[in-house]
Each structure stands twice: as C-alpha cells, then as structure tokens.
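Visitor: I am new to this structure and would be grateful for a close look at a single part of it. Please choose one and describe it in full.

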Amino acid sequence: MDKKNRERFELITRNLQEVIGEDELKGLIAKGKEISVYWGTMPTGSISIAYFFPMMKVADFLKAGLKVKIFLADLHAALDGVPWDILEKRYNYYKRAIIKILETIEVDLKKLEFVRGRDIQLNGKYFQDLLKLSTITTINEAKHSAAEVVKFGESPKLSGVIYPLMQALDEEYLKVDAQFGGMDQRKIMVYAREYLPKIGYKPRVELINPIIRGLVGEKMSSSVAASKIDLLDDEETVKKKINKADCVEGNPENGIMALSRYLFFVMKADRNEKFLVERAKKFGGNIEYSSYEEMERDFVEKKLHPMDLKNAVAREINLLLESFRRDKEFCELHKRAYEA
C-alpha cells in the first residue's frame, strides 16, 4: 500500500474500535474505485450530542473520498414502537439535525446521500429476501444478534426478531461496500457477514465505533436523560448536567474524558487548535493541551481537577450548540416531531 492509500486507510479507520474485513477494505482502497459506506439510525428519541461521535467518522469518510449514505430507518423505528403517524415528522427532524451536525464539523457534503428506510424495504424483492433469511435463521440466532440493540423483555415482540434480518439486507439493497456502526451493532454485523452469502450476496466490510460512556453510567442513552445532552438543551442545563456527571479525580474512565477524546480533541486537531482549560491563577492559571494524551496524563496525575475540566467541556459544548438553538426551522421541526 503506497503512502497516499495508507493515509486514506488511516483516516477511514482512525478512532474505530474494530474493522471486520480489514484486508477487504485495503483491497478496495488499492483498486482506486469509489468506496461506499452507510450509517443507519432510527428516527426515535430526540437527538443528543452523542450523534457527534458517529458524525465525526462520517466526516472522516467524506474527507477520504468515500460516498456516504445516511440511512434513516423509519420502518425500524416503527418496529421499535414509534407511532406510524409521526414517522414523517421524525424523519424530517433527524435529517435536518444530522445535516446541521455535519455543517458544524465543517465537512463537504457533496458525496452525502440520505435514504429513507421505506424507499428500499417496501419492495417485493426485499421482502422475498427477508423471507429467505427467515427460513435459515433460528429465533435464537436472531435474538442473539439483536440482543444489544433490541429490548426484548419478558414478552418479546416478533418485530425484534425481524430487526437484525432487515439490517443485514440493508447492506445489499443500499448497494454499499461497508457498514459503519457502534459496538452495540457488532453482533448484527457479524450475522450479516455470515448470512448474506447464504442467499447469494457478498459480505461487507464492517467499521465499528467504540461505545462512548455516558455522563452518568456506562453508555449515553436516549432513555436516560441525565446521561446525555440534547442538541437543544440551554446553556444552564448543559452546565448542570456536566457538573453532575461522573468524573472521579485521577480516573479517566468517564463520559467527560470520552467527550474530550473522541469529539473535542479530534475537532481541535483538524482545525490546528488547542483545548483550553481556564483556571484561576491561584490554581495554576489557564492551560492549553495539544493532545488528549497530554491532558489525560495531567488528569491521572491529578494536576487537572475534574471541576476545571468540566467547566472547559461545558463551555465547548455550549459553543457547539449555539447554532442549533438559533435555528428556528430546526426548533420547529423538533417541536413537531415530539409534540404531545
């Protein structure tokens, strides 16, 4: 692999937790053909700042010259319990939110395409393939694949079992070379690589993001308000949530450090900027960090106090969210999507 292709590979894979099919990816890069990748999400709950994490990778893909398809899986959302009559409103809100996030990251969107779930899933061939998969997939295999994504509970619905089969087929019907998703999607991705060839389709490369810790607890979750920051949270709400976030002195395993590492330091590096922590002179004065590793070292050695770090992160988040709060169209779309 020459230097140019190596740099392209490194940009595509930076900050990923895992690449399933790494040699296949290198082969696609070496061929010089346009590579296509999709990232999918269900238009369900109100979008949080956690969406910046996958969008940072989408920005990398676009910068690397990949064609990116954002798959807004409205039928998956319906299977997950979103009322059918508000799917359109949720779709419109999600599309606008994702575009605004990418605009905030300052990435060229020429090779970005949005695809709605129903546009590929409500056709006869797709349904035929879904039935084919259902004849070779056991219920236990389907449940195992979807276990990290679907809440089955004591009385699981049939929709939860269908979910991973549809996600596998989406790779084929979106006509992509790769799928990008979080570590919670890994079992479905492995299922897709194993089962698509059984009905005559090629396996895809799977690009997997790490799970980002929540402000409270292990994972940022839309169902746990305290663990996330909504795109429309006001400045004071952001400060309160950050102040209440888990952040034990000397221990870098927390959501505040994760936000810094996977969001702010990546953005700062791309803009050739430093991360500023403001402190009173009696506590050492302001300090700037050029890399996350530098900041983590100070934090572990207790040279950087959690409250100073929290104040810096809250400031960065509020700067990031200013454009969302000012966007009247975006606020109206959110209102329509989640009106009581």
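Guide: Two strands are said to pair if DSSP finds at least two bridges between them. With that in mind, let us consider the sheet of this predicted model. Six strands make up an open sheet, and their order across it is E1-E6-E5-E2-E3-E4, with mixed pairing. At its edges are strand E1 (18-20) and strand E4 (112-116), each of which pairs on one side only. On average, neighbouring strands of the sheet are turned by 25° against each other, if direction is ignored.

Within the sheet, strand E5 (residues 178-182) and strand E6 (residues 205-209) run parallel and are joined by five bridges. Here Gly181 stands opposite Ile208 in E6.

Helices accompany these strands. Helix H9 (residues 158-173) packs on the sheet, where it touches E2, E3, E5 and E6, and its direction makes about 150° with that of E2. Helix H5 (residues 87-105) lies across strand E2 (36-41), strand E3 (67-72) and E4, and it runs at about 165° to E4.

Side chains add detail to this picture. Arg116, in the edge strand E4, lies over the face of Tyr91, at 3.8 Å from the ring centre; Tyr91 falls within helix H5. Trp39 belongs to strand E2, while Tyr93 and Tyr94 belong to helix H5. These three residues are among the members of a cluster linked by ring pairs, which also includes Tyr51, Phe52, Phe324, Phe330 and Tyr338.

Definitions and conventions:
Residues numbered from 1 in each chain as written. Predicted model: local features only at pLDDT ≥ 70, side-chain atom pairs only at ≥ 80, totals over all residues. Heavy atoms only, no water. Helix = DSSP H or I, 4+ residues; strand = E, 2+ residues; numbered from the N terminus. Axes fitted to C-alpha atoms, helices over the stretch in contact; angles between N-to-C directions. Contact = heavy atoms within 4.5 Å. Phe/Tyr/Trp six-rings, centres within 6.5 Å; stacked < 30°, edge-to-face > 60°. Lys NZ or Arg CZ within 6 Å of the ring centre and 35° of its normal.
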